[in-house]
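Here are some brief notes to read beside the coordinates. Please check each point against the structure as you go.

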Amino acid sequence: MGCGITKSNQLQLKKCDRGHLSVPASTAMRAALLIQRWYRQYVARLEMRRRCTWNIFQSIEYAGEQDQIKLYNFFAYLMDHFTPASSERNLISHIFRENDLLRDIEWERYFNYKSIEIPEDYCGPYLTFPLTASNVTELVEAFRNKQQLHSRYVLQLLGETWKLLRLLPNINHVSTCHTKEITICGDLHGHLEDLLLVFYKNGLPSMETPYVFNGDYVDRGKNSIEILLILFAFLLLYPNDVHLNRGNHEDHIVNLRYGFTKEVLGKYRLHGKKILKLLQKIFSWLPLATVIDQKVLIVHGGISDTFDLKIIAKMDRHRYVSSLKPPKSRRLLLKSKLSDQESDTEEAGAEDSGSSSTRGGGGIRRTCSMTHSSPSSGVDRSLLQRRSLQSHSSVDDELQERRRQAGLGVSPSHSDDQQSYCSDKDAELTEAVEADAEEWKQIVDLLWSDPMSMEGCVPNEVRGGGCYWGPDVTEEVLNRHSLQLLIRSHECKQEGYEFCHNRKVLTIFSASNYYEEGSNRGAYIRLGPDLVPHLIQYQATRTTRDLTLRQSVGRTERSALRALREQLFAHKSDLISAFQKYDPDNTGWISLKDWAVAMETVFHLALPWRVLRSQLVSTTKDGMLDYQSWFKELAIMEPNKELAHTNVLETLYKHHSNLETIFRVIDTDNSGFISFEEFRQTWKLLSSHLKMEISDEAIVDLAHSIDFNHDGSIDINEFMEAFRLVDSTHHDMATA
């Protein structure tokens with residue numbers, strides 16, 4: 001009676017509890033399929049967002065590398081075509097000056113660490129040489145606890161490392177055995193927490209736990225110098241079980257842009273310049289490759305269709321202080337030898353050199369330099385600057401130039417003996433030029449190249465250096481050298497690794513959270529006697545490990561869009577000009593289709609702009625966009641709106657990294673400060689590079705706006721931070 005439950009109802013409820021609902025099987029199947037379809041669509045949308053986010057990060061990164069090479073091209077152009085006395089040439093000549101690197105016999109005297117005293121209040125780690133296992137373990141723990149190694153020990157450790165590296169071959173040959181595996185790590189880029197996590201999971205380097213580290217230890221991250229010191233310490237302790245390959249960031253010119261130079265000078269103000277100079281020497285002595293059991297090749301970047309281990313094994317690797325330019329010491333010695341042997345050609349060479357100087361071309365040009373050929377009239381120099389490192393000038397043209405500069409051009413009136421003499425010297429010069437060109441190409445391809453899915457081998461125009469090589473090239477190179485697997489790094493991968501080319505190429509990347517927290521995992525490889533790679537993934541930051549896929553994608557997506565919006569705002573004038581081409585009546589409106597085309601025309605980032613439209617454009621009307629109002633929607637905060645010269649501001653925003661690189665180059669004493677005159681010269685260099693006019697008045701106004709204490713000098717770090725674009729929504733959240 002009343003509201004009670006009958007026995008029949010109780011029985012029905014028990015059946016329900018047991019899962020015996022009277023639902024038709026077809027209905028249940030349809031429901032399951034709907035849920036499955038919804039989930040697949042949900043995951044697919046997340047994956048699409050993740051890939052789009054990845055493309056933004058990677059496109060901006062590679063565009064930065066291309067800008068770095070273009071700027072270096074410009075510097076090299078100044079060196080090759082301006083007179084030695086020109087102010088522009090003097091500003092940047094020191095980064096090309098290989099003679100600044102002292103001869104080996106002078107190094108120990110120049111870097112005498114014994115004269116550096118350790119204060120009584122020093123609380124960092126102490127080192128004794130030869131290093132012991134306890135020394136190195138204490139060093140690792142000190143860096144884990146954010147302590148700093150004294151500069152005396154830094155110089156001593158680097159000096160011992162340099163001595164050891166000079167004894168190592170270009171290619172390390174490593175063997176496995178039944179009792180141990182070899183661990184292979186990829187790019188670390190100053191992420192100390194990743195290295196410490198690898199050591200925690202896998203064990204510290206030892207005779208039982210050998211390691212291969214595959215380059216790019218520095219730049220981008222905050223603890224590059226600590227990573228180098230740890231790896232060098234283990235190398236000294238276990239020279240047969242720790243192997244270090246060189247990466248494209250082990251390069252003092254690249255370090256100017258990507259943070260390592262700034263990091264060292266910030267942490268070691270008194271002796272930072274000596275430390276950087278010694279590291280410049282050390283980087284040039286790092287081995288170029290490692291081969292395991294004659295079957296597995298490990299290089300930082302990759303290979304090309306002309307890759308040859310025999311050439312790599314025989315070259316003098318330390319001559320390549322920077323991979324961005326070929327060395328010239330051997331050619332200068334050859335020129336000197338030719339000049340000494342024939343006084344007539346010496347005089348002719350002097351005359352040529354003198355006339356060349358009046359044209360702004362004094363000195364020998366670098367062989368097959370990636371930087372440029374001599375621009376002739378009617379040739380767009382920007383086209384030359386955009387050339388890949390792969391795009392070498394012809395040896396014949398280079399030989400003709402060398403003959404002219406060395407005074408070897410022979411007129412028809414000269415005797416047969418003189419012609420025969422010059423012919424012999426031409427042959428010698430040709431051999432040197434060809435050898436230099438081939439060696440340099442091997443270095444560049446090895447450090448800068450990336451694999452591609454298509455067959456063939458083409459210049460890597462995206463990075464501006466090296467090549468893209470296909471599966472056919474992999475097959476041919478591996479077969480030619482009797483290899484079965486190529487392990488390389490150089491590219492950030494979302495999962496920390498990636499197979500390609502029928503699993504014959506494996507990319508390994510060990511810096512997790514590379515672009516943003518949660519953007520990617522790190523990974524390392526364990527390789528046993530069977531030579532089958534076992535991959536271990538990790539995430540260094542605990543907070544990102546606890547995020548769901550949706551939360552992780554959302555966080556990295558916001559970060560990528562923030563970086564992209566800053567790029568859009570910095571190119572405001574270029575974008576407006578591109579939009580106006582699709583708006584001939586100046587209505588202020590363009591179609592969304594034209595918007596997407598204009599975006600790619602300006603940026604050349606190969607991004608899916610139509611997909612990104614919903615993230616970047618919030619207000620439209622009948623498929624049209626008010627592009628003047630759209631810039632306000634980007635929510636970018638300008639730090640110095642009151643400055644009158646808006647063209648200078650836009651140039652600063654757009655070329656922020658290039659400007660900072662020039663500052664670092666001009667700051668020859670590494671003080672972090674430059675004078676007003678150096679500041680003016682910096683802007684003149686940048687305006688020449690960009691082919692635009694910037695008035696002295698605008699530069700002076702800009703300098704005075706940041707000289708807060710009116711002492712006539714400018715703090716580089718303070719200046720760059722003061723004029724850095726900021727996402728206002730992100731800034732508001734950070735200060736709330």
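1. Start at Leu 279. Neighbours within four places in sequence aside, Leu 279 contacts Leu 158, Ile 225, Leu 228, Phe 232 and Phe 260. Keep in mind that this is a predicted model.

2. Leu 279 belongs to the largest nonpolar core, which has 60 residues. Along with Leu 149 and Phe 213, Leu 279 has the most contacts inside that core. Helix H8 (residues 224-237) gives the largest share, 11 residues.

3. Another core lies apart from this one. It has 35 residues, including Tyr 514, Leu 575, Val 602 and Leu 605.

4. Now the sheet. It is open, has 6 strands and mixed pairing, and runs in the order E1-E5-E6-E10-E12-E11. Which strands stand at the edges? They are E1 (171-174) and E11 (497-500). Each has a single partner strand, so one side of each has no neighbour in the sheet. From one strand to the next, the twist averages 20 degrees.

5. Look inside the sheet at E6 (residues 296-298) and E10 (residues 485-488). These two strands run parallel and are joined by 3 bridges. Leu 297 has Leu 486 in E10 as its bridge partner.

6. Last, the annotation. An unreviewed UniProt entry places the feature "domain: EF-hand" at residues 570-605, 654-689 and 694-729. In the model, residues 570-605 are 64% helix and 8% strand, with the end C-alpha atoms 15 Å apart. Residues 654-689 are 72% helix and 8% strand. The end C-alpha atoms of that span lie 13 Å apart.

Key: Residues are numbered from 1 along each chain as its sequence is written. This is a predicted model: local features need pLDDT of at least 70, side-chain atom pairs count only at pLDDT 80 or more; totals for chains, interfaces and linings use all residues. Side-chain values use heavy atoms; hydrogens and water are left out. Two strands pair if DSSP finds at least two bridges between them. Helices (H or I, at least four residues) and strands (E, at least two) are DSSP runs, numbered from the N terminus. Axes are lines fitted to C-alpha atoms, for helices over the stretch in contact, and angles run from 0 to 180 degrees between N-to-C directions. UniProt positions are given in the numbering used here, feature names are shortened, and annotations may be inferred rather than shown by experiment. A nonpolar core is a set of buried Ala, Val, Leu, Ile, Met, Phe, Trp, Tyr and Cys residues joined through side-chain atoms within 4.5 Å. Buried means under 20% relative accessible area, exposed over 50%, partly exposed in between (1.4 Å probe, protein chains only). Contact means heavy atoms within 4.5 Å.
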